[in-house]
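Thanks for asking me to look this one over. My notes are below as numbered points, starting with the ligand and working outwards.

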Amino acid sequence: MSKIQSIRGMRSILPEETPIWQWLESKVRAITWRYGYQEVRLPILEPVSLFERAVGEATDIVSKEMYNFLDKSGEHITLRPEGTSGCVRAVVENNMCYNTTQRLWYQGPMFRYERPQKGRLRQFTQFGVETFGMPGADIDAELIYMTWDIFKALNVDRVIRLEINSLGTLPERKEHRVELVSWFNQHRALLDEDSLRRLETNPLRILDSKNPEMQEMIEGAPRLLDFLGEESRQHFDTLRTLLDNAGIEYIVNPRLVRGLDYYTRTVFEWITDELGSQGTVCGGGRYDGLVELFSDKKLPASGFAIGIERLLLLIQSTGGNSPVHNHPDIVVTCENPEQNIDALLLANTLRQHLPGQKILSDFSGLRLKRQHSNALKSGCRYIVTLNADQHIGLWDLKGDSHQILPADEIWQTINRQH
Ligand code: ATP
Ligand code: MG
């Protein structure tokens with residue numbers, strides 16, 4: 001029979017891994033709660049046109065990485081490649097910013113048709129945050145404070161660095177673009193194929209080319225930071241002061257860019273050297289021009305997205321692990337398979353009286369000795385055994401004691417020890 005395998009770049013998260021996911025998710029949730037952010041749950045399928053408009057047809061995501069298909073009524077549908085676009089759509093569609101601001105977060109699968117490798121999957125998970133209605137550097141700083149809290153809570157703060165930049169406003173970028181294109185044209189012979197294409201579509205993106213042969217030329221290129229007007233400069237200075245005040249270290253990287261017209265001012269990335277070229281764990285920034293692509297109103301906005309799989313790889317690479325235990329506290333066994341129902345009821349009674357304990361019933365039908373050795377392997381603290389004579393044994397593996405007790409004394413004894 002031919003084997004059915006998962007689709008390339010899409011993996012199952014199996015029980016040995018789910019505890020660390022749950023641990024990470026609970027930390028992240030607690031932090032969003034403490035900052036007053038609200039969860040939104042957004043569709044996984046969206047119209048292709050949403051991303052063509054919001055992410056832009058010139059980007060790698062839209063031009064090569066989307067999972068597009070026609071549905072039964074002939075509509076152009078796609079599996080969402082990122083979360084910001086759908087979030088903006090939901091905010092506009094539901095008029096969520098009428099006379100108010102919004103602080104939102106989401107988590108879920110994203111899909112990109114890329115070459116799978118370490119830290120790069122075709123289905124991956126993003127935790128994202130978006131804010132609406134707040135134009136200042138203060139909210140950008142709040143977003144960065146929040147990411148910093150997350151990395152500290154997960155003990156990866158020592159292996160990750162923050163890079164920031166300002167992209168100014170559209171008119172400022174236009175001025176810079178003229179100078180930039182002229183610089184690249186002067187050094188045309190050094191540009192690789194990708195960059196020649198970008199020179200036409202999106203010259204700013206040439207700045208983040210990784211091609212070693214182009215680095216020296218790029219270093220000399222006109223810096224967007226030198227084209228910022230007074231307001232943008234102040235916005236950036238305020239952000240820097242707010243980061244300094246919070247003791248968050250950062251590097252100003254003038255080459256950090258997002259190539260789309262609707263990005264304004266703040267951009268930031270959290271990067272690690274532990275994961276090779278898939279080192280960007282979090283990317284964010286301000287996108288004051290995006291909402292007006294969907295509505296006749298202008299609405300300032302900013303946000304970030306963290307790649308959860310990369311964050312987990314980072315946690316693992318630093319030897320850290322979740323403190324979540326995955327073993328049962330109590331295993332209920334029974335000597336005679338015909339007593340399974342009694343054993344099931346016994347486990348249930350124990351669960352009612354011991355709500356903090358994880359209680360597992362052994363229904364394997366194996367001999368009692370095997371059940372016990374499996375229970376020992378599971379790492380549990382207690383084994384409760386319903387014997388063939390209906391007596392109940394309690395074995396405390398920590399205290400190494402064994403006693404025969406009535407059912408109600410079992411849970412009382414366990415309760416006393418906690
Ligand atoms: P990269 O430069 O690594 O391709 P990107 O600029 O495409 O990243 P964003 O669109 O900014 O990434 O997405 C935010 C985050 O989502 C990234 O920083 C990364 O952690 C994660 N991410 C993006 N694409 C993938 C992928 N294919 N597999 C796993 N994680 C991803
Ligand atoms: Mg990418």
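**Notes on the ligand site and the fold**

1. Let me begin with ligand 1. Its surroundings comprise 14 residues, of which Arg112, Glu114, Arg120, Leu121 and Thr280 come nearest. Please keep in mind throughout that this is a predicted model.

2. Three polar pairs are worth displaying if you have the viewer open. The side chain of Arg112 has an N or O atom 2.9 Å from an oxygen atom of ligand 1. The backbone takes part as well: a polar backbone atom of Leu121 is 2.9 Å from a nitrogen atom of the ligand, and a polar backbone atom of Gly307 is 3.4 Å from a ligand oxygen atom. As for cover, ligand 1 taken alone exposes 580 Å², and the protein buries 82% of that.

3. Which elements give two or more residues to the shell around ligand 1? They are strand E6 (123-132), strand E10 (280-286) and strand E11 (301-307). E10 supplies the largest share, with 3 residues. Sorted by class, the shell holds 5 nonpolar, 4 polar and 5 charged residues.

4. Asp140 deserves a look of its own. This residue sits in helix H5 (residues 137-153). Is Asp140 buried or exposed? With a relative accessible area of 2%, Asp140 is buried, because the cut-off for that label is under 20%. Its side chain makes a polar contact of 2.7 Å with the side chain of Arg286. Leaving aside residues up to four places away in sequence, Asp140 touches His235, Leu239, Thr266, Arg286 and Ser302.

5. Leu313 makes a useful second case. It belongs to helix H10 (residues 308-317) and is partly exposed, at a relative accessible area of 25%. Not counting residues up to four places away in sequence, Leu313 touches Lys118, Gly119 and Leu275. For a sense of scale, take Leu313 and His391: 78 residues separate them in sequence, and their C-alpha atoms are 49 Å apart in space.

6. Helix H4 (residues 84-93) is mostly covered, with 8 of its 10 residues buried. Which residues of H4 are buried? They are Thr84, Ser85, Gly86, Cys87, Val88, Arg89, Ala90 and Val91. These buried residues pack against strand E2 (45-47), helix H2 (48-56), strand E5 (102-111) and E6. E6 also came up in point 3, as one of the strands that give two or more residues to the shell around ligand 1. When you look at the helix, remember that an α-helix has 3.6 residues a turn, so residues three or four places apart point the same way.

7. A few backbone angles may interest you. Just after H4, Asn95 takes a positive phi of about 50 degrees. Asn155 has a positive phi of about 60 degrees, although it is not a glycine; it is found in the loop between H5 and strand E7 (161-166). At 47% relative accessibility, Asn155 counts as partly exposed. Gln390, also not a glycine, has a positive phi of about 75 degrees. Its place is the loop between strand E14 (382-386) and strand E15 (392-396). Gln390 counts as partly exposed because its relative accessibility of 44% falls between the 20% and 50% limits.

8. Now the overall picture. The protein contains 13 helices and 16 strands. What radius of gyration does the protein have, and what would a compact globule of 418 residues have? The protein has 28 Å, whereas such a globule would be near 22 Å. Along its principal axes, the C-alpha trace spans about 90 × 60 × 45 Å.

9. Finally, packing and surface. Of the 418 residues, 49% count as buried. Taking contacts between residues at least 6 apart in sequence, 69% join residues at least 24 apart. The protein exposes about 21,700 Å², and carbon and sulfur atoms supply 50% of that area.

How values were computed. Residues are numbered from 1 along each chain as its sequence is written. Chains are lettered from A and ligands numbered from 1 in the order in which they are written. This is a predicted model: local features need pLDDT of at least 70, side-chain atom pairs count only at pLDDT 80 or more; totals for chains, interfaces and linings use all residues. Side-chain values use heavy atoms; hydrogens and water are left out. A residue is near a molecule or strand if one of its heavy atoms lies within 4 Å of it. A polar contact is a pair of N or O atoms within 3.5 Å; within protein, one must be able to donate a hydrogen and the other to accept it, and residues adjacent in sequence count only if both atoms are side-chain atoms. Accessible areas come from the Shrake-Rupley method with a 1.4 Å probe; for residues, only the protein chains shown count as cover. Helices (H or I, at least four residues) and strands (E, at least two) are DSSP runs, numbered from the N terminus. Ala, Val, Leu, Ile, Met, Phe, Trp, Tyr, Cys and Pro count as nonpolar, Asp, Glu, Lys and Arg as charged, and the others, Gly among them, as polar. Buried means under 20% relative accessible area, exposed over 50%, partly exposed in between (1.4 Å probe, protein chains only). Contact means heavy atoms within 4.5 Å. The radius of gyration is taken over C-alpha atoms; the globule rule is 2.2 Å times the number of residues to the power 0.38.
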